[in-house]
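Colleague: Please take a close look at the backbone of this chain, and begin with one part where confidence is low.

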Amino acid sequence: MSHRPSNHGGRTYWQSFDHLEDAPSVQELLSREFPGYSPSDIASMPRRRFLKLMGASLALSGLTLSGCRRWPREQLAPYTYTSAERIPGEPEFYATCMELGGVAKPLLAKAFDGRPIKIEGNPSHPASATWGGKLGSADHYAQASVLELYDPDRSRFVIDRSGPSPRQATFEEFSASFAGFLKANCPAGSGFAILSEASESPSVLDMKNRLLAAMPQTRWVEYEPLSNDNELLGVKQATGKAGRAVLKLDQADVVVSFEGDFLGIHPAQVQYANEFSRARRAADTQGRMNRLFVIESTFSLTGSNADERLPVRPSRVELLAAALASELGIPGVSGSGLEPSEKEFIAAAAHDLRAAGSRGLVVAGAGASPTVHVLAYLINSALKSIGSAVTYVQVPDRPASHPAAIAALAQEMRAGGVKALLILGGNPAFDAPADVDFSRALGGVGLSAHLSLYMNETSLACKWHVPRAHYLEAWGDGRSWDGTIATAQPLIEPLFGGKSVIEVLAMLCGEQIDGQAIVRRALQLQDDAAWRKAIHDGVIPGTSYPPISGGTGSMPQVAPASTGKFELRFVGSYSVYDGRFANLGWLQELPDPLTRLTWDNAALLSKKDADALGVKNGDMIAITANGRTLEIPAFILPGTPAGVITLPVGFGRRNAGSVGGAEGAGIAPAGFDVYRLRGTDAWYFAQDAKVTRAAGTYKLISTQDHHLIDDVGFKGREVRVGEKFRSGRIVREATFRAYYESGRQSNVFHPPDYHGPASRLQLFTPPTDYPQADPGAPDLFNHPHAWGMAIDMTACIGCGACAVACQAENNIAVVGKEMVELNREMNWLRIDRYFKTAGGSVEEKRNDPNPQVVFQPMMCVQCENAPCEQVCPVAATVHDTEGLNTMVYNRCIGTRYCSNNCPYKVRRFNYYDYHATGPRSGRYRMPFLNWPDRQQKDQIDPLLWMQFNPEVTVRMRGVMEKCTYCTQRIAAAKIHARNEWKQGKRPSPLVRDGEIVTACQQACPTEAIVFGNLNDSGSVVRKWQENPRAYAVLDDLNTRPRTRYLAKLRNPVREPQPPAEEKHH
Amino acid sequence: MSATTRKRFLFPRWANYALPALIVMVLGGALYVPTVVTFGFSTYTTDVGYAPIQPIPYSHALHAGELGIDCRYCHSTVEKAGFAAIPSTQVCMNCHTNIRSTSEKLKPLMESWQTGKPIEWVKVHDLPDYAYFNHSAHVNAGVGCVSCHGRVDTMEVVYQAERLSMSWCIDCHRNPEKHLRPRDQVTNMKYQPEIREGETLEAAQLRVGRELKEKYRIHDEQYMIACSTCHR
């Protein structure tokens, strides 16, 4: 049957086991636009009665003239004092930075009338610059941070819990009480401890030094649940200096990664993804393409982008690293103890590394042991790639192990050695190692205080809580992964009077609380011009950490592999990181790149282990390791090595807020708390775990089967146009060698039975037949511009930054797990993840232990011949003259015909007023929130209002919506261009190439998305669309999409087997 | 006819009331439809003439008319931004520091100046939030202020002069030549096109408008009425 997962080159593309098997549930999802919805389920009355009532209400609505009255009176409040550069309603950009895990992400924040509403990367800073410094990219955590700023659940008051009942206090009271206690009980800071999040911010370090100078006995402890301890240790062992590896992935032709997730969760992910994709795209212009080998014990985003991947158990990684070192002639290591397949893999990697020489690179990830980091250093050193493809930089020394540090602190707290404890940020009561039992230790401390954005688990266990200033509300600075300083400035007054870390430290030092002065002092920018420049640019160039030279450390001992049945692997979550973003709906609802799970985590295991345990997706399993037990639902992730269970941390927050879980309000935690299993003895992985089937099942919602593109549009189509129009219309790919050897011909990407696109049949008369602007440009809807997009699947790594950026830019609602289950998620931009497995039978394909992955970002492709437009009864979706398939919200009456007729499945319908109901309130069943014409505005939290992009309509219940290439950004650029032209400031009224950047394009760290004018033969988008790799998805439907995809290239060691005799369905 | 004659169809008894009911409905409809239509197009609904009371009885007739202050002195962003900014208190104070600074009517202004709190003017021209009108796009294209706002220079109290409905917008988007004027005449409230001999005012406007449409490369009709031109 035609809607089977598509076959290509003997391998099959599929999104879930159900999809692969063509299960009835998938049939339902494919054949029905609105699955799970039956009119009889929601109707409490027969259809006829319903129609009668609707008719009557229509007549009555005319009587009451509800549409014909003036909307509420609005006030205009101009500034009192004119600000020279501020124009009301025009966006402004300010450079700032956000620290995550101690490393700064340099950003540009976009503000409308003083409200920051959107985060972009800072193009001036090397850590976030893309397109050669023209644009900046920010990852999905940074994109979502603006939602954090306006989160109504943020704590709003200083709370004093030292009395019998909590009371609201002021910061002055806190400061007097805390400083007074220190003076009385902690002379010179003895018995006073500060537990801080990791930070490399110069101003925090400066304040820390000042505090330690004033109170030398103070104990400063740093704790971060996701840290790079092993890297620090490994580099120290290898070179004698605490340091870390700064990769230059565009200088590497061969990359071998051990447990590295530099394209997924890594502080320098944006920069690395950018460099990596540049090296991959060399395939188009140069006769080479980089090759990525990944050896890992979990299926990471980096692994899913590998050319060659070896899934192994965590305890074997050291052996494999040693074997690679030995193969490359590093003395003193042994390469024994490998399986034949591992041996082959290592031999191939070694061969390529040798050939690449200084353009070869070995990467060790955060989850790899220090030994692996040492081996990586030794191999890089032997390859002479240090200095070119990688630089090791020296970082300020610090205690090597975060779990050990917090364990020692808790020990002292229990022993009574800590009289006063100040916790700066973080959430140790939730994320400290399980064997430390930090919460109990905290109870015994005489005076404890927590500075935090939220009243979280730790705040509730402390005597004082102080609201923290969000990074968009405070002065600050930070250092990116390579050490280059980024500056931060406030865009808005603290909404709830929060204080930043440096301000609290200043208070303890008895200094004046002035964030700006502290930062300026720490950065030593006394010169006004230099200070203004640093704040304006957001970067101080030339401040990267010094490189480490030389160093011959001792050869580490390679640990033997574990023989236990199960090993556990703890990883950070792509959505909530370490748990701190648990209350951000955008991230909770962002499907995990590989599992596509939303709102939950799960124990990820292989098909083989699941079969052995007798569990299916969602079945509860009990995991016991080091005497601790956790029950968590299982989820089969193909590609997970057998004998390994991956556990993403950060979920299961009890006091995150009304989105992530709030005990007091009766909102259950989202997901399962994996920290209960993670101890100092089992930090990145645990050996000898026991896993058994537990009672019950849990509803896990994965979007992997949602919005499935049906590759030819059902059997009926096959009947109509014959079997030759078969599959291969969605994903196209080839190996680099095949592409290169063909002389870069487009036919290498074609499926075996490809006969070219269908005839250029036009189903309807376009509004105007515009003359062709120039040959090669579209011959329809091209006046005066012809908008088009191109997406390079060779560059796309599937990180999801684009999806969150789109959500932020376009006021897209979060719907909640209950609604996602019904296929009602609103993300305009989704990333389709296809597994690609080999084998003949479904069984073989399902059990392929090492599937390949294809990521395909999918949003409205703006068909010239749009099927949605044909069926709209009210013309609410029509073309404009420049090729946009516009969506007119105020005209839409919600028939949903368009969505039903969209072959790409990119239209989203507002079943409820999602912005007003919130994702977890359970208020969906209310038919009307308020009087019909005022519902959303009255119900949405005014704080959330502040985040909305004023350039985009906030859609209400009953309205269809979709991507329109960021039409608001197009309009702004067009108006700007014409105004300048009319004022004689530019020669043409047309928009220049690169002037319009869509939100997804701007966020993409790999520059995989490009947008522009197809009439302009010099535009980047035109060049991309003329690339031999370019193709239109589902081109046989003759929809003539304006978005084209550039086929994926892989660079495997060996060419795949020629396609087996394919059975035509 | 056979013996098994079918029973004849008889209307039920209630059918006797059908005709009177129909008459009532038709007559009712004859009243209802014009009422709705009249009401829908009335100034009450379209808000023409809407003149809310402002916190300060600011007279455009005095400032723009009698004193001849250019619109852009106060609404300074009109050529570069979507919003024609309402002037800040500071702009008023440029003159009113010295002029009538003790006037009772200007009390809210002085208060704002001292406290830093903005004056809250009431919005007169209020489009729906899904219509994205941009002042700079129109002003730079030679659409005069007066085309939408009426003779503000004669208004003691600003009122809404035009309907500001979608059909009203579209009228001009279809035939912009009826309203175009040279860019340097945009804020001139009394502007009239140069009338050649034997020409009516309308003909003169059409001639000038067509020339300007060409000169300013105003988009064609298809573009001007595309949804994405105004809605996002």
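Modeller: Over residues 1059-1065 of chain A, pLDDT (the predictor's confidence in each residue, from 0 to 100) stays under 50. For residues 1059-1065 the model has 10 contacts beyond four places in sequence, a contact being two residues whose C-beta atoms, placed from the backbone, lie within 7 Å. This is a predicted model, in which local features need pLDDT of at least 70 and side-chain atom pairs count only at pLDDT 80 or more, while totals for chains, interfaces and linings use all residues. Residues are numbered from 1 along each chain as its sequence is written, and chains are lettered from A and ligands numbered from 1 in the order in which they are written.

The mean pLDDT of chain A is 88, with 90% of its residues at 70 or more. Confidence in chain A is lowest in helix H23 (residues 714-721), at a mean of 45, and highest in strand S14 (residues 254-258), at 97. Helices (H or I, at least four residues) and strands (E, at least two) are DSSP runs, numbered from the N terminus. Over residues 712-727 of chain A the pLDDT is below 50, and this stretch has 23 contacts in the model beyond near neighbours in sequence.

Now the backbone angles. Trp599(A), a residue other than glycine, has a positive phi, near 65°. Trp599(A) is in the loop between strand S26 (597-598) and strand S27 (603-605) of chain A. Trp599(A) counts as buried because 25 other C-beta atoms lie within 10 Å; the cut-offs are 20 or more for buried, 12 or fewer for exposed, and partly exposed in between, with C-beta atoms placed from the backbone.
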